There are 2 protein chains.
Amino acid sequence: MSRNNAGLSAERIITEALRIIDGQGLRRLTMRRLGDALEVEAMAVYHHFPLGKEALFDGIVDYITDVSRADTPLTPGDPSSDASDDAGADDADDDPADDRPWDDRLRAWAHDYRARLLRHSGALPLLINRRPDSVAALRALDLHYAAFTEAGLNGPAVVRAGAALDAYVTGAVVHEVRAAGLPGPDPAAVDGRFPHVAALRDVGADHERQFREGLDTLLAGLTGR
Amino acid sequence: MSRNNAGLSAERIITEALRIIDGQGLRRLTMRRLGDALEVEAMAVYHHFPLGKEALFDGIVDYITDVSRADTPLTPGDPSSDASDDAGADDADDDPADDRPWDDRLRAWAHDYRARLLRHSGALPLLINRRPDSVAALRALDLHYAAFTEAGLNGPAVVRAGAALDAYVTGAVVHEVRAAGLPGPDPAAVDGRFPHVAALRDVGADHERQFREGLDTLLAGLTGR
DNA sequence: ACCTGAACACCGTTCAAGT
DNA sequence: ACCTGAACACCGTTCAAGT
């Protein structure tokens with residue numbers, strides 16, 4: 001057995017990095033730990049990401065952003081090193097020329113994207129200060145612009161609508177993730193000072209449903225009602 | 001001159017940490033660098049934040065979240081060590097019982113909060129996975145719930161409206177910060193593949209105006225129209 | 001081309017010690 | 001109570017070397 005040529009690839013590295021983020025959190029994603037998980041020396045990663053960890057982060061964000069790529073949820077039992085997923089990667093359906101109405105296309109994107117952000121919510125901090133100029137991001141933006149144009153909007157209104165849609169999904173996910181910790185016993189300080197919060201403390205929230213309804217309202221509001 | 005008792009305080013530490021974040025970025029905020037900026041040994045910070053850097057991050061997020069506290073923009077010229085801001089800190093106006101109509105109160109909060117997030121956009125990644133259960137966050141939530149109740153909403157609708165408002169501001173800011181890098185020469189890959197993006201590439205965006213209009217639309221949509 | 005192993009500068013945090 | 005200084009385990013990254 002040669003100790004070289006461990007079958008590393010950018011795809012496999014990103015997938016493993018995401019598994020660590022999902023399972024242990026972003027702070028625990030370390031080049032050395034990532035190497036261990038890939039059964040390789042940490043420095044081997046630099047051969048596929050010469051610009052280092054920041055470039056790896058870019059790759060991770062791209063991976064999550066790319067709705068055309070199948071996403072791997074956190075697998076509890078790990079079949080590990082037996083790499084049966086070698087060829088896989090850029091099978092992007094090759095654009096089957098989606099013929100659904102514009103609003104269905106936008107809804108489908110929004111729900112897919114939300115699901116991916118929630119599944120990898122530990123990577124959310126990475127998303128924030130990375131510019132959305134990857135191919136995956138541009139593909140999504142083009143999809144949005146095409147749909148809103150089809151809906152009858154003109155130039156600046158299309159751009160505004162695209163911005164609003166992106167902001168909506170991101171904002172909803174961030175809110176949901178932040179609130180996720182709260183249902184516990186008590187926010188500690190709900191004494192007499194915050195009566196309205198105390199009164200509404202046990203009102204459950206159906207995030208899924210709220211997202212869907214909010215999205216419908218937004219789309220209606222953006223394209224004349 | 002005693003080298004002890006350097007006049008350190010949680011407030012001063014947080015302020016200095018924010019200055020580093022705003023000026024150099026979150027990654028450059030280091031306990032040692034923070035110590036240097038405070039003209040103190042790095043380990044002195046641990047006396048005010050015994051739980052370490054994570055607790056400091058909590059403090060930073062609280063500071064930004066607390067709209068009732070005056071915010072310090074990034075000062076170019078630095079009057080430095082001459083601490084003339086000793087007493088300052090928890091002067092929160094002591095609740096002057098805001099008597100403006102509910103929507104004006106919400107608009108004021110939203111614009112203030114947005115401005116703070118934009119001013120300290122480098123700290124946005126910290127906001128994301130911290131639970132909004134600080135006193136400052138609960139005060140804001142109580143303000144929202146009170147306003148929406150005054151607007152005529154009932155139980156679950158109030159909670160939904162509060163969630164939507166928070167998500168809106170966060171989402172808008174994150175979108176704006178992400179897009180901030182883009183107006184440059186070219187997103188690199190606007191060849192023939194993304195015709196709609198290419199066509200709308202030079203449509204400028206007035207974020208301030210768009211935020212205001214979107215907020216108005218949201219408030220109208222949330223409270224019967 | 002792909003990976004290893006030692007090395008370097010730096011990091012968060014602990015702890016005993018000073019005043 | 002408040003801060004220092006040395007120490008420890010760990011980190012990202014470089015570089016020469018192996019195959």
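Which helix gives the largest share of the surface near DNA strand C? That helix is H2(B), with 3 residues. The points below set this in context.

1. **Ground rules.** This is a predicted model: local features need pLDDT of at least 70, side-chain atom pairs count only at pLDDT 80 or more, and totals for chains, interfaces and linings use all residues. Residues are numbered from 1 along each chain as its sequence is written, chains are lettered from A and ligands numbered from 1 in the order in which they are written, and side-chain values use heavy atoms, with hydrogens and water left out.

2. **Surroundings of strand C.** There are 23 residues around DNA strand C. A residue is near a strand if one of its heavy atoms lies within 4 Å of it. A:Ala6, A:Glu41, B:Arg32, B:Met43 and B:Lys53 come nearest. Among the atoms of strand C that come within 4 Å of the protein, 53% are sugar and phosphate.

3. **Polar contacts to strand C.** A polar contact is a pair of N or O atoms within 3.5 Å; within protein, one must be able to donate a hydrogen and the other to accept it, and residues adjacent in sequence count only if both atoms are side-chain atoms. The side chain of B:Arg32 places an N or O atom 2.5 Å from a base nitrogen of DNA strand C. Two backbone contacts go to phosphate oxygens of this strand: B:Met31 at 2.9 Å and A:Gly7 at 3.3 Å.

4. **Elements at strand C.** Helix H3 (45-48) of chain A and helix H2 (31-37) of chain B each supply at least two residues of this surface. Helices (H or I, at least four residues) and strands (E, at least two) are DSSP runs, numbered from the N terminus. By class, the surface near DNA strand C has 9 nonpolar, 8 polar and 6 charged residues. Here Ala, Val, Leu, Ile, Met, Phe, Trp, Tyr, Cys and Pro count as nonpolar, Asp, Glu, Lys and Arg as charged, and the others, Gly among them, as polar.

5. **Strand D.** DNA strand D has 23 residues around it, of which A:Arg32, A:Met43, A:Lys53, B:Ala6 and B:Glu41 come nearest. Sugar or phosphate makes up 54% of its atoms within 4 Å of the protein; the rest belong to bases. Phosphate oxygens of strand D lie 2.6 Å from a side-chain N or O atom of A:Lys53, 2.9 Å from a polar side-chain atom of A:Tyr46 and 3.3 Å from a backbone N or O atom of B:Gly7. Helix H2 (31-37) of chain A and helix H3 (45-48) of chain B each give two or more residues to the surface. H2(A) has the largest share, 3 residues.

6. **Annotation.** An unreviewed UniProt entry lists "domain: HTH tetR-type" at residues 13-58 of chain A. Such annotations may be inferred rather than shown by experiment. That stretch is 63% helix and 0% strand, with its end C-alpha atoms 12 Å apart.

7. **Chain A against chain B.** In this interface, 53 residues of chain A contact 53 residues of chain B (heavy atoms within 4.5 Å). The buried area is about 4,700 Å², and carbon and sulfur atoms give 68% of that. Buried area is the accessible area (1.4 Å probe) that two parts lose on being put together, summed over both. The rule finds 0 salt bridges across the interface (a side-chain nitrogen of Lys or Arg within 4 Å of a carboxyl oxygen of Asp or Glu). It finds 10 residue pairs in polar contact, both at pLDDT 80 or more. On the chain A side, H8(A) has the largest share, 16 residues. That side has 30 nonpolar, 10 polar and 13 charged residues.
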